[in-house]
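Dear colleague,

I am handing over the structure below, together with some notes on what turned up in it. Please read them with the model open beside you.

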Amino acid sequence: YLDNLTYALPLLEQYGLHATVFITAGNIEQGKQFWGDRVEFLFLGRHPLPKLLDYSDERKRYQWQLNTPIQRLRAHDQIRAILRNKPHRQIELFVQDLYRWAGIEESVESYRPVLNRQQLLRLSQSTFIEIGGHTMTHTKLSILPMVQQKNEIEECKKKLESWIGKPVTVFSYPYGTSADFTKHTKQLVQAAGFQYGISNSQGSVELQPDFYSIPRRLVRN
């Protein structure tokens, strides 16, 4: 997000703290918001919506009543949970269909703006910042065939390094739980030239860690 440059970086530099910022290269390249933010804006904004959303996928049919703020929040949460288990192309088509269903045109101005390439370069030039890879499209890697996982991982590294002019040696798995990547994903990350793979498993780094499934401590707002 852009706020890593405009808000976080000045504080990191002020207090002498180092950080790694993991970049989803496709969003930078296209200047496009993350799909989750687009869904949030649609359901949790102040604009009116139709009273019913009816949706079917290959597994089941869903219906959401949207008469109250609580119902809109419930629909938002459930739709995001459904979409995170789908490939990027299906997610993109679904979100576009949602905006057409709502009769709302997506704004040129981003709800939560991402960095552009020039801003990413500025961020990377700080001695307090390391840039890491986070795939091309932020798709849950474990649902993809190996060839698509390989492309998500390798293309991200290639593009980031060409943009910032530095090696990118650390990778973070989208979503990052044990269900979101596999042992084969870890092998692809290592083969691509990354030295570390960061998971979203809560835990402490041990003396002899698995360098391609390093845990973290999550701090919420």
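Thr-135 has a relative accessibility of 0%, and because buried means under 20% it counts as buried. This is a predicted model, and the backbone at Thr-135 deserves a look, since phi there is near 70°, a positive value in a residue other than glycine. Thr-135 belongs to the loop that runs between strand 4 (129-133) and helix 7 (146-164). His-138 is placed in the loop between strand 4 and helix 7 as well, and phi of His-138, near 60°, is again positive in a residue other than glycine. With a relative accessibility of 15%, His-138 also counts as buried.

The loop leads on to helix 7, which has 19 residues and spans 27 Å from its first C-alpha to its last, close to the 27 Å expected at 1.5 Å a residue. Which residues of helix 7 are buried? They are Gln-149, Glu-152, Ile-153, Cys-156, Lys-157, Leu-160, Trp-163 and Ile-164. When helix 7 is seen down its axis, these buried residues fall within an arc of 145°, so they line one face of the helix. The face turned away from that buried side carries the exposed residues Val-147, Lys-158 and Ser-162. As for what covers the buried residues of helix 7, the list includes strand 1 (19-23), helix 2 (25-30), helix 6 (117-124), strand 4, strand 5 (170-172) and helix 8 (183-191). Just after helix 7 comes Gly-165, which takes a positive phi of about 70°.

Helix 5 (residues 88-102) can be read in a similar way. It has 15 residues and reaches 21 Å from its first C-alpha to its last, which is close to the 21 Å expected at 1.5 Å a residue. The buried residues of helix 5 are Ile-91, Glu-92, Phe-94, Val-95, Leu-98, Tyr-99 and Ala-102. They cover an arc of only 165° around the axis, and this puts them on the same side of helix 5. On the face turned away from the buried side, helix 5 carries the exposed residues Arg-89 and Arg-100. The partners against which the buried residues of helix 5 pack are helix 3 (35-44), strand 2 (52-56) and helix 4 (69-83). Just after helix 5, Gly-103 takes a positive phi of about 70°.

Helix 4 also holds His-76, which is buried, with a relative accessible area of 7%. If its neighbours within four places in sequence are left aside, His-76 is in contact with Val-39, Glu-40, Phe-43 and Leu-44.

Turning to charged side chains, the count comes to 14 salt bridges, and a few of them are worth following by eye. Glu-92 forms a salt bridge with Arg-38, in which the closest N and O atoms are 2.9 Å apart. That pair links distant parts of the chain, with Glu-92 in helix 5 and Arg-38 in helix 3, 54 residues apart. Both ends of the pair are buried, Glu-92 as well as Arg-38. Glu-92 and Arg-38 also take part in a network of salt bridges that links them with Lys-32 and Glu-106.

Another salt bridge joins the side chains of Glu-29 and Lys-159, at 2.9 Å from N to O. Here too the pair links distant parts of the chain, Glu-29 being in helix 2 and Lys-159 in helix 7, 130 residues apart. Glu-29 is partly exposed, with a relative accessible area of 39%, and Lys-159 is partly exposed at 21%.

Within helix 7, the side chains of Lys-150 and Glu-154 meet in a salt bridge of 3.1 Å, N to O. Lys-150 and Glu-154 lie four residues apart in that helix, about one turn of it. Lys-150 is partly exposed, with a relative accessible area of 37%, and Glu-154 is partly exposed at 31%.

One last item concerns the surface. Leu-11, Tyr-15 and Leu-17 make a nonpolar surface patch of about 340 Å². Of these, Leu-11 lies in helix 1 (residues 3-15) and is partly exposed, with a relative accessible area of 48%.

With best regards

Definitions and conventions. Residues numbered from 1 in each chain as written. Predicted model: local features only at pLDDT ≥ 70, side-chain atom pairs only at ≥ 80, totals over all residues. Heavy atoms only, no water. Helix = DSSP H or I, 4+ residues; strand = E, 2+ residues; numbered from the N terminus. Expected span 1.5 Å × (residues − 1). Buried < 20%, exposed > 50% of the residue type's maximum accessible area, 1.4 Å probe, protein only. Arc of directions from axis to C-beta. Contact = heavy atoms within 4.5 Å. Patch = residues over 30% accessible without salt bridge, like charges linked within 9 Å, V, L, I, M, F, W, Y side chains within 5 Å. Areas by Shrake-Rupley, 256 points an atom, 1.4 Å probe, with all protein chains shown as cover. Salt bridge = Lys/Arg side-chain N within 4 Å of Asp/Glu carboxyl O.
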